[in-house]
Amino acid sequence: DWKHGAFTKALIEALEQGKADYSNDGVVNLRELDMYVADRVEELTGDQQHPTTQKPSTISRFPIVLVK
């Protein structure tokens with residue numbers, strides 16, 4: 001139904017729909033994106049997939065997208 005995988009679905013929700021903006025500041029930053037995608041993929045796959053990332057701790061607040 002999605003026409004793509006769970007990771008892509010979670011990424012689209014996070015960025016296009018702004019669902020990863022946990023701080024409600026109008027910006028999705030790297031930490032928020034990482035947290036949303038990891039949690040959402042686990043939810044979408046019934047805890048069968050567990051995405052992981054590696055990122056330097058110095059860029060956790062790196063802005064990714066402005067939420068409309």
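Visitor: Which residues does R40 touch, not counting residues up to four places away in sequence?
Guide: The model is predicted, so local features need pLDDT of at least 70, side-chain atom pairs count only at pLDDT 80 or more, and totals for chains, interfaces and linings use all residues. Residues are numbered from 1 along each chain as its sequence is written, and side-chain values use heavy atoms, with hydrogens and water left out. Contact here means heavy atoms within 4.5 Å. Leaving aside residues up to four places away in sequence, R40 touches K9, A10 and E13.

Visitor: Is R40 buried or exposed?
Guide: The classes rest on relative accessible area: buried is under 20%, exposed over 50%, and partly exposed in between, with a 1.4 Å probe and protein chains only. R40 is found in helix α2, where helices (H or I, at least four residues) and strands (E, at least two) are DSSP runs numbered from the N terminus. With a relative accessible area of 16%, R40 is buried.

Visitor: Which residue of helix α1 forms a salt bridge with R40?
Guide: A salt bridge requires a side-chain nitrogen of Lys or Arg within 4 Å of a carboxyl oxygen of Asp or Glu. In this pair the closest N and O atoms are 2.7 Å apart. One partner lies in helix α1 and R40 in helix α2, so the pair ties together parts that are 27 residues apart in sequence. Both partners are buried, and the partner of R40 is E13.

Visitor: What is the relative accessible area of E43, which meets R40 in a salt bridge?
Guide: The side chains of R40 and E43 meet at 2.8 Å, N to O. Being three residues apart in helix α2, R40 and E43 are separated by about one helical turn. R40 is buried, whereas E43 is exposed, with a relative accessible area of 57%.

Visitor: Which residues are linked with R40 in a network of salt bridges?
Guide: A search of the whole structure finds four salt bridges. R40 forms a salt bridge with E13, and the side chains of R40 and E43 also meet in one. The network links R40 with K9, E13 and E43.

Visitor: Which residue meets K55 in a salt bridge?
Guide: The N to O distance in this pair is 3.0 Å. K55 lies in the loop between α2 and β2 (63-66) and its partner in helix α2, so the pair ties together parts that are 21 residues apart in sequence. K55 is partly exposed at 31% relative accessible area, and its partner is partly exposed at 23%. That partner is D34.

Visitor: Why do the buried residues of α1 lie on the same side of the helix?
Guide: In helix α1 (residues 6-16), the buried residues are A6, K9, A10, E13 and A14. The arc is taken from the directions from the helix axis to the C-beta atoms. These residues are on the same side of α1 because they cover an arc of only 130 degrees.

Visitor: Which element gives the largest share of the largest nonpolar core?
Guide: A nonpolar core is a set of buried Ala, Val, Leu, Ile, Met, Phe, Trp, Tyr and Cys residues joined through side-chain atoms within 4.5 Å. The largest has nine residues: A6, A10, A14, A20, V28, L33, Y36, V37 and V41. The elements giving two or more residues are α1 and α2. The largest share, four residues, comes from α2.
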